[in-house]
Amino acid sequence: MTNIPIADPVRTQAIVNRYLKTAKKSLGQNFLIDLNAIEQILAAAEIQPGDQVIEIGPGIGSMTEQLLLAGAKVLAYEVDDRLPEILQNELPQDHLSDFKLVMQDVLQADFKHDLAGFFALDQPVKIVANLPYYITTPIIFNLLNSELNFTSLTLMMQQEVADRIAAEPGGKDYGPLTLAVQNQMQVELALAVSHRSFWPQPKVDSAVLVLKPLPHPQYPGQTADFNRLVKMCFAQRRKTLNNNLKAIIPAADQRAEILAEVKLPANIRPEKLSLDQFISLVSAIVKYKA
Ligand code: SAM
C-alpha cells in the first residue's frame with residue numbers, strides 16, 4: 001500500500017489506467033484530485049473520529065480515503081460496478097472494517113435497512129458527497145424527505161446550483177429552489193472549488209454547501225403545498241406577483257384581498273419577496289382556498 005493519497009493526480013491516473021480507462025460521463029464522474037479541497041470539505045463537515053458518514057458516490061475513493069483516515073465510519077452508495085474492486089484494493093486496508101459499500105442508486109436507497117448493523121441507529125449521521133451533478137436536486141430533496149436522522153449535508157455541487165440554493169432575495173438566482181431548501185435547512189457556503197480540482201475536468205466550477213436541517217420547516221403547513229405554490233409564483237418570473245397569482249386565484253378582487261392581507265403591493269416581482277413574506281403569502285392562499 002502506498003502513502004500517496006488517492007486524490008493525488010498521479011495516483012488517480014494510475015488507478016484510472018489500471019482499472020477504468022475512462023470516467024463515465026453519464027454517471028457524473030469527476031474525481032477529486034485536490035487533497036486540499038477534500039481537507040476543506042472534511043473541515044466544513046466537522047468530521048470527528050467515530051462520526052457516522054453516508055457518502056454518495058465514492059468513485060475511486062478520493063474522499064472516502066480521507067474520511068476513513070479521519071476516523072469516520074463510512075456507508076457509501078455507488079452505481080458503477082467497476083468501482084467495488086478499486087475501493088476494496090485501494091482504500092486503506094486497516095480501515096476497511098469501517099467501510100460499507102451499497103451498490104445501489106442512492107435515490108432508491110432504503111437507508112434504515114442499509115444502516116442497520118453497521119451504524120449505531122441511535123446516533124445521527126452526516127452526509128458528505130461530491131455529488132453526481134445530473135441528480136443534485138433530486139438527491140437533496142430525497143434526503144430531506146427521508147427518515148434519516150442527519151445533522152448536516154456537506155455537498156459539492158455545480159456552482160450555479162449552489163448559488164441558487166444560497167441566494168438572497170432580489171437576484172436572478174433566487175427562486176423556488178432557494179425557498180424550498182431554505183424553508184427546511186440552514187444554508188452555508190463553505191468553499192468554492194475550481195474545475196481544475198477534478199479529473200476529468202468539468203466545464204464548470206463547483207461549490208460546497210453545508211446544509212443543516214432546521215428543527216421544523218419554517219412554513220407551518222404542508223411543505224409540498226409551500227413548494228408547489230412558490231413555484232407557481234415564479235412561473236413567469238419577469239411578470240409581477242399579481243400576474244403570476246392569476247393561475248392560483250383567478251378573481252382579481254380576491255387576489256387584491258390576499259395581497260392586502262399580507263401587505264404586498266400588486267406590482268411587486270416574485271424575486272423581491274423574502275422567505276418570511278412567501279410564508280405569509282402561501283399561508284393566506286391556503287387559508288383562502290380551504
Ligand atoms: N466521490 C468521488 C470523488 O469525489 O472523487 C466521486 C464523485 S463523482 C462527482 C460522482 C460519483 O457518484 C461517481 O462515482 C458516480 O458513479 C456516482 N453516482 C452516479 N449516480 C449515482 C447514483 N444514482 N447513486 C449513487 N452514486 C451515483
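The C-alpha centres of domain 1 and domain 2 lie 36 Å apart, and that is a handy way into this predicted model. The domain assignment places domain 1 at residues 9-213 and domain 2 at residues 223-289. Where the two parts touch, 12 residues of domain 1 and 14 residues of domain 2 take part in the contact.

What do the domains bury between them? Together, domain 1 and domain 2 bury about 1,000 Å², with 63% of this area on carbon and sulfur atoms. On the domain 1 side, you may like to select Tyr 174, Pro 176 and Leu 179: these supply 46% of the area that domain 1 buries against domain 2, more than any other three residues. If you then look for salt bridges between domain 1 and domain 2, the count is zero.

Let us turn to the pockets. The largest pocket has a volume of about 320 Å³, and 26 residues line it. To find its centre in your viewer, start from Ile 56, Gly 57, Pro 58, Glu 78 and Pro 132, the lining residues that lie nearest to it. Several elements give two or more residues each to the lining of the largest pocket: strand E1 (31-32), strand E2 (52-56), helix H3 (62-69) and strand E3 (73-78). Sorted by class, this lining holds 14 nonpolar, nine polar and three charged residues.

The second largest pocket offers about 260 Å³ of space. Its lining is made of 13 residues, and those nearest the centre are Lys 25, Gln 29, Asn 30, Gln 201 and Pro 202. By class, the lining of the second largest pocket splits into five nonpolar, five polar and three charged residues.

Two details of the backbone round off the tour. Which peptide bond is cis, with omega near -15 degrees? That is the bond from Trp 199 to Pro 200. Pro 200 sits in the loop between strand E8 (198-199) and strand E9 (206-213). The other detail concerns Glu 46, whose phi is near 50 degrees, a positive value in a residue other than glycine. You will find Glu 46 in the loop that runs between helix H2 (35-44) and strand E2, and E2 is also one of the elements that give two or more residues to the lining of the largest pocket.

Note on methods: Residues numbered from 1 in each chain as written. Predicted model: local features only at pLDDT ≥ 70, side-chain atom pairs only at ≥ 80, totals over all residues. Heavy atoms only, no water. 1 Å grid on protein atoms, 1.4 Å probe; cavity = no way out; pocket = protein on both sides within 12 Å on 5 of 7 lines; lining within 4 Å. Points joined across faces, edges and corners; volume = space filled by probe spheres on them. Helix = DSSP H or I, 4+ residues; strand = E, 2+ residues; numbered from the N terminus. Nonpolar A, V, L, I, M, F, W, Y, C, P; charged D, E, K, R; others polar. Domains from an automatic or database assignment. Contact = heavy atoms within 4.5 Å. Buried area = accessible area lost by both parts, 1.4 Å probe. Salt bridge = Lys/Arg side-chain N within 4 Å of Asp/Glu carboxyl O.
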